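Me: Please take a close look at one part of this model and follow it through to its neighbours in your account. Where do its residues sit, and what do their side chains meet?

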Amino acid sequence: MAFTKSRLFRELQKSVTEAEWDALERDHNLAVSSFNRNVLLGWKNEKISDDLEIPEEQVMGLHMVLREFLETHMGDNPGGWKWVILSCIYLAFIAERPLHSIEVLDIKELSVDGKTVYECPVKSNGKNTPCRYCVCRRMSNYEIMKRKMQKEFLNYNQEEMIQKFCLTHDADYLYIKFLGHMYRIHRGSGKTDWSDDGFCTFSEAGYNEAMTIYDVLCYSSQDCGLSGEFVNMDSLSFVQGSSASQENGLFQKMEQFFDHKNEAMARACRNLGGVESGKGDIACRIPMFDFFPVIIRFWNSDEEFPASLQVYTDKNVLKYMHYETLWFAVLHLFERIKEEMA
């Protein structure tokens, strides 16, 4: 047996009496959270005509899971159970929105193929939890780590960042240019966005960009400064005692992508502010940040040798960022070159 959306919604509305609607609107001592109160009042006069079928076992399953949850966590206040159950059923099956406050849980909203998608940092995969019925999908570990660093950023002295790197700033944001895009970091939340039109429009920074920016601003040494001597990144892996196998795999993929695309690759490097530097079929010095350049050198394959890609950084790079972060930055460098080649 199945409900239609419209029928289920009518059943939800009928389960609230006029006296209860009046109490929800007026009685702030009612055992209901402000979030659930607002959800309920929001659909008091709503009209739903959608005939999409919803399996009854899904609705009853959520109802049972919620009752078990409420018996454990609100056992001393059964008068408030009704509002939680009605709100969650409405959000899960009618509105198709998260069961919790987006702001409180810092749920991420994305637009995918014209549809809103929600990612929750605390979504459980357990079968007997309300999360099973929530429209949210589990936020990736990368996004969770980025959110963690976003909050960590707020623990550091922003005035020192401004002075150290001569950052443009205002009351709300710090601004920093990274591989051809301007980024801004909100001084109150740590959220990082980028734009190429003066922030008339903007997008949230991805993992590699945000983690690189946070690391440079928060963890760079007080005495960081360029040596003027460039070193191949390969030499740094030995200093750090890390394996180069994963890095070699990444470079091989990029070597295959860039092979014999000289004109497009050279144009892309110029678009990122690059200037010719040294030997190679393509050899450019590119400002990763205004205060930190890198050199990329590429040789096409021929009958005897495969394609070869090398990245050189200033010898003092580890005073600016951790070795692991350098790889985030280089990954983004390759992605930006590919974007500019398109």
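Reply: Cys 166 counts as exposed, because its relative accessibility is 69% (exposed means over 50% relative accessible area, buried under 20% and partly exposed in between, with a 1.4 Å probe and protein chains only). This is a predicted model, in which local features need pLDDT of at least 70 and side-chain atom pairs pLDDT 80 or more, while totals for chains, interfaces and linings use all residues. Residues are numbered from 1 along each chain as its sequence is written, and side-chain values use heavy atoms, without hydrogens or water.

Cys 166 sits in the loop between helix 8 (158–165) and strand 6 (168–169); helices (H or I, at least four residues) and strands (E, at least two) are DSSP runs numbered from the N terminus. Although Cys 166 is not a glycine, its phi is positive, at about 50°. Glu 96 is another residue with a positive phi, about 55°, and Glu 96 is not a glycine either. Glu 96 belongs to the loop between helix 5 and helix 6 (102–105). With a relative accessible area of 33%, Glu 96 is partly exposed.

Next come the charged side chains, starting with helix 7. Lys 108 and Glu 143 form a salt bridge, with N and O 3.2 Å apart (a side-chain nitrogen of Lys or Arg within 4 Å of a carboxyl oxygen of Asp or Glu). This pair joins distant parts of the chain, since Lys 108 is in strand 3 (residues 108–112) and Glu 143 is in helix 7 (residues 141–153), 35 residues apart. Lys 108 has a relative accessible area of 14%, so Lys 108 is buried. Glu 143 has 8%, so Glu 143 is buried as well.

A second salt bridge involves helix 7: Glu 204 pairs with Lys 146, and their closest N and O atoms are 3.1 Å apart. Here too distant parts of the chain are linked, with Glu 204 in strand 10 (residues 203–204), Lys 146 in helix 7, and the two positions 58 residues apart. Glu 204 is partly exposed at a relative accessible area of 26%, whereas Lys 146 is buried at 3%. These four residues do not stand alone: Lys 108, Glu 143, Lys 146 and Glu 204 are linked with Asp 106 and Arg 147 in a network of salt bridges. The count of salt bridges comes to 19.

Another of these pairs lies within a single helix. Lys 14 and Glu 11 meet in a salt bridge at 3.5 Å, N to O. Both residues belong to helix 1 (residues 5–14) and are 3 residues apart, about one turn of the helix. Lys 14 counts as exposed at 63% relative accessibility, while Glu 11 is partly exposed with a relative accessible area of 37%.

Helix 3 shows how burial can be arranged around an axis. Asn 36, Arg 37, Val 39 and Leu 40 are buried in helix 3 (residues 34–42). Viewed down the axis, these buried residues fall within an arc of 165°, so they line one face of helix 3 (the arc is that of the directions from the helix axis to the C-beta atoms). Ser 34, Asn 38 and Gly 42 are exposed on the other side of helix 3.

Finally, Gly 79 is in the loop between helix 4 (56–73) and helix 5 (81–95). Its relative accessibility is 52%, so Gly 79 counts as exposed. Gly 79 and Leu 30 are 49 residues apart along the chain, and their C-alpha atoms are separated by 8.8 Å.
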